[in-house]
Amino acid sequence: MTRILFTSYSGLLGGAERVLLDCAAALDGPHVLACPPGPLSERAHAAGLTVIPIPERGLRIRGGLRARIRGPVGLAAHAAELRRLARDLDPELIAVWGMRSALASLVLPRSRPVAFDHHDFLPGRLIGAGVRAAARRAATVTLPSAAVGDELDRS
């Protein structure tokens, strides 16, 4: 059985993804990372994590019509992947990294424990409401700063 299923919508290797790798390496047990191919999956594989590749999707959610359509479609597909992975792997904990994975976690049954690593300011009112809902449902939320936490905790 998988102890922790880490998931990231992005395969890039920025600061938040480096923290993901540090956390996964510091925890005992068989862990799995689901993310698109790229620098994150390469580093995770080199660190000994099992990596399940998921499709790469655009990161832009604002802009022209194409971005406005692709964003929600990509997020819905990510949510379906997360639900399937949770069912198939039956992890003890699902660690969602970032806003998109947190939004995707809203489709999971409430019986699934979720840890949410939130590392950015919210981009807008509608997305913010969804991210706050995901944070309320999560068993735990980790934050890089009080400022990010204060914005997330506007109730």
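A residue is taken as buried when its relative accessible area is under 20%. Arg112 has a relative accessible area of 18%, so Arg112 counts as buried. The structure is a predicted model, and Arg112 is one of several charged residues examined below.

The overall fold was examined before the individual residues. The protein has six helices and six strands. Along the sequence these elements follow the pattern β-α-β-α-β-α-β-α-β-α-β-α. The radius of gyration is 15 Å, close to the 15 Å given by the globule rule for 155 residues, so the protein is as compact as a globular protein of that length. Taken along the principal axes, the C-alpha atoms fill a box of roughly 40 × 35 × 30 Å. Buried residues make up 44% of the 155 residues. Among contacts with a separation of 6 or more, 59% are accounted for by residues 24 or more positions apart. The accessible surface comes to about 8500 Å². Carbon and sulfur atoms hold 56% of that surface.

Charge was considered next. The protein carries 20 positive and 14 negative side chains. The centres of the two sets lie 10 Å apart. Side chains of opposite charge can pair when their charged atoms come close. A search of the whole structure finds four salt bridges, and three of the pairs are described here.

Glu92 forms a salt bridge with Arg3, with the closest N and O atoms 3.9 Å apart. This pair links distant parts of the chain, 89 residues apart. Glu92 sits in the loop between helix 3 (65-89) and strand 4 (93-97). Arg3 belongs to the segment before strand 1 (4-8). Glu92 counts as partly exposed, at 43% relative accessibility. Arg3 is also partly exposed, with a relative accessible area of 31%.

Glu81 forms a salt bridge with Arg57, and here the closest N and O atoms are 2.7 Å apart. Glu81 lies in helix 3 and Arg57 in the loop between strand 3 (50-53) and helix 3, so the pair ties together parts that are 24 residues apart in sequence. Both Glu81 and Arg57 are buried.

Arg87 pairs with Asp88 in a further salt bridge. The closest N and O atoms of Arg87 and Asp88 are 3.2 Å apart. Arg87 is exposed, with a relative accessible area of 56%. Asp88 is partly exposed, with a relative accessible area of 48%.

Arg87 also appears among the contacts of Arg112. Arg112 lies in the loop between helix 4 (99-104) and strand 5 (114-117). Not counting residues up to four places away in sequence, Arg112 touches Ala86, Arg87, Asp90, Pro91 and Ile94.

Val96 is found in strand 4. Its relative accessible area is 0%, so Val96 is buried. Leaving aside neighbours within four places in sequence, Val96 is in contact with residues including Thr7, Leu82, Ser101, Ala102 and Ser105. Val114, Ala115, Phe116 and Asp117 are also among the contacts of Val96. The C-alpha atoms of Val96 and Glu56 are separated by 16 Å. Val96 and Glu56 are 40 residues apart along the chain.

Note on methods. Residues numbered from 1 in each chain as written. Predicted model: local features only at pLDDT ≥ 70, side-chain atom pairs only at ≥ 80, totals over all residues. Heavy atoms only, no water. Helix = DSSP H or I, 4+ residues; strand = E, 2+ residues; numbered from the N terminus. Rg over C-alpha atoms; globule rule 2.2 N^0.38 Å. Buried < 20%, exposed > 50% of the residue type's maximum accessible area, 1.4 Å probe, protein only. Contact = heavy atoms within 4.5 Å. Areas by Shrake-Rupley, 256 points an atom, 1.4 Å probe, with all protein chains shown as cover. Lys, Arg positive; Asp, Glu negative; His and termini not counted. Charge placed at Lys NZ, Arg CZ, Asp CG, Glu CD. Salt bridge = Lys/Arg side-chain N within 4 Å of Asp/Glu carboxyl O.
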